[in-house]
Amino acid sequence: KNSERRLLQDKEGLSNQLRVQTEVNRELKKLLIASVGNDLQYHFERMAREKNQLILENEALGRNMSQLSEQLERMSIQCDVWRSKFLASRVMADELTNSRAILQRQTRDAQSAIQDLLSERDQFRQEMIDTQKLLEELLVSLQWGRQQTYYPSAQPHTTAELAAVNHKLAKAVSSHLLGNVGTNTPKKTSPPTEFCNTPAEKMAEMVLRVLDPVACTEASSEVPFSEPSSPSFLSTKKNIGRFHPYTRYENITFNCCNHCQGN
């Protein structure tokens, strides 16, 4: 009986310990579940916040990317515009360079023509001065022993004055030699004299023709051009060609002028 009582007591003690341990395990399980749940909730909330932050950043990056795309498109358009402007300015620069070279060449030609004209004018002026001296000496010698009607005037200062003085001297010499010819005396009609231009004048005309071709064309159109008359020795009859690769040309006379008949 004592052993049974002791076994029953041990059984009750073990049952009480099992009950306490079960209760402790239940409480530990609750605490573990609660702690794990809180940790998962925290992680979930943090991931949700990070997701929202990433969504906002993604939207901002998308807006920035669209703005950058628009800016890139505008920049590409501006690049095309400036490329076109550069090409146009390059073409204009080439044209201006060519125009500058042409103008420089025309300026050099004009300077050369003006220099040649001035040189010729100096030569003509010197010859007119010599002519004036000769005419004055001739007129003074013609007035020898007569009443002097001509007195040397002041030295002319311009070419026009020099030409007028020479003309006056020539008229005086003509009056002394030929006398005063009346106006009723019929004058011989001489054909108009055609003057040829000097090399300097030709150069000046060429420069003017280059600088203003329209005016030079209008001026040249006023001058009638005579058609060159055909020489009398040109044949009005068309020569007949007798050349053929299979023809033997022995004892054959070809048409070489108007009088040949080809016999």
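**Figure 1. R26 and E23 pair up in a salt bridge.** In this predicted model, the closest N and O atoms of R26 and E23 are 2.6 Å apart. Both residues belong to helix α1, and because they are three residues apart there, about one helical turn separates R26 from E23. How accessible is each partner? R26 is partly exposed, with a relative accessible area of 38%, and E23 is partly exposed as well, at 39%. As a friendly reminder of what such views show, side chains of opposite charge can pair when their charged atoms come close.

**Figure 2. D80 and R83 form a salt bridge in helix α1.** Here the closest N and O atoms lie 2.7 Å apart. D80 and R83 are three residues apart in the helix, which is about one turn. D80 has a relative accessible area of 42%, so this residue counts as partly exposed. R83 is also partly exposed, at 47% relative accessibility.

**Figure 3. R125 and D122 meet through their side chains.** The contact is a salt bridge, with a distance of 2.8 Å from N to O. This pair, too, sits in helix α1, where R125 and D122 are three residues apart and therefore separated by about one helical turn. Is R125 buried or partly exposed? R125 counts as partly exposed, with 28% relative accessibility; the cut-off for buried is under 20%. Its partner D122 is partly exposed at 44%. If you would like the full tally, a search of the whole structure finds three salt bridges.

**Figure 4. V20, V24, L28 and L31 make a nonpolar surface patch.** The patch formed by these four side chains covers about 360 Å². One of its members, L28, is found in helix α1, which spans residues 2-142. L28 has a relative accessible area of 48% and is therefore partly exposed; a residue would need over 50% to count as exposed.

**Figure 5. Helix α1 crosses helix α2 at roughly 30°.** Helix α2 is made of residues 159-178, and its axis comes within 9 Å of the axis of α1. How are the two helices oriented to each other? Angles under 35 degrees count as roughly parallel, so α1 and α2 are roughly parallel to each other. Their crossing is left-handed. When you look at a view like this one, keep in mind that two packed helices are described by the angle between their axes and the distance between the axes.

**Figure 6. Helix α1 also packs with helix α3, at an angle of about 150°.** Helix α3 runs over residues 199-211, and the axes of α1 and α3 are 9 Å apart. That angle makes α1 roughly antiparallel to α3, since angles over 145 degrees are counted this way. The crossing of α1 and α3 is left-handed.

**Figure 7. The chain as a whole has four helices and zero strands.** To place the close-ups in context, follow the chain from its N terminus: the elements run α-α-α-α. How many of the residues count as buried? Of the 263 residues of the chain, 9% do.

Conventions: Residues numbered from 1 in each chain as written. Predicted model: local features only at pLDDT ≥ 70, side-chain atom pairs only at ≥ 80, totals over all residues. Heavy atoms only, no water. Patch = residues over 30% accessible without salt bridge, like charges linked within 9 Å, V, L, I, M, F, W, Y side chains within 5 Å. Areas by Shrake-Rupley, 256 points an atom, 1.4 Å probe, with all protein chains shown as cover. Buried < 20%, exposed > 50% of the residue type's maximum accessible area, 1.4 Å probe, protein only. Axes fitted to C-alpha atoms, helices over the stretch in contact; angles between N-to-C directions. Parallel < 35°, antiparallel > 145°, perpendicular 65-115°, else oblique. Left-handed = near helix turned anticlockwise from the far one by under 90°.
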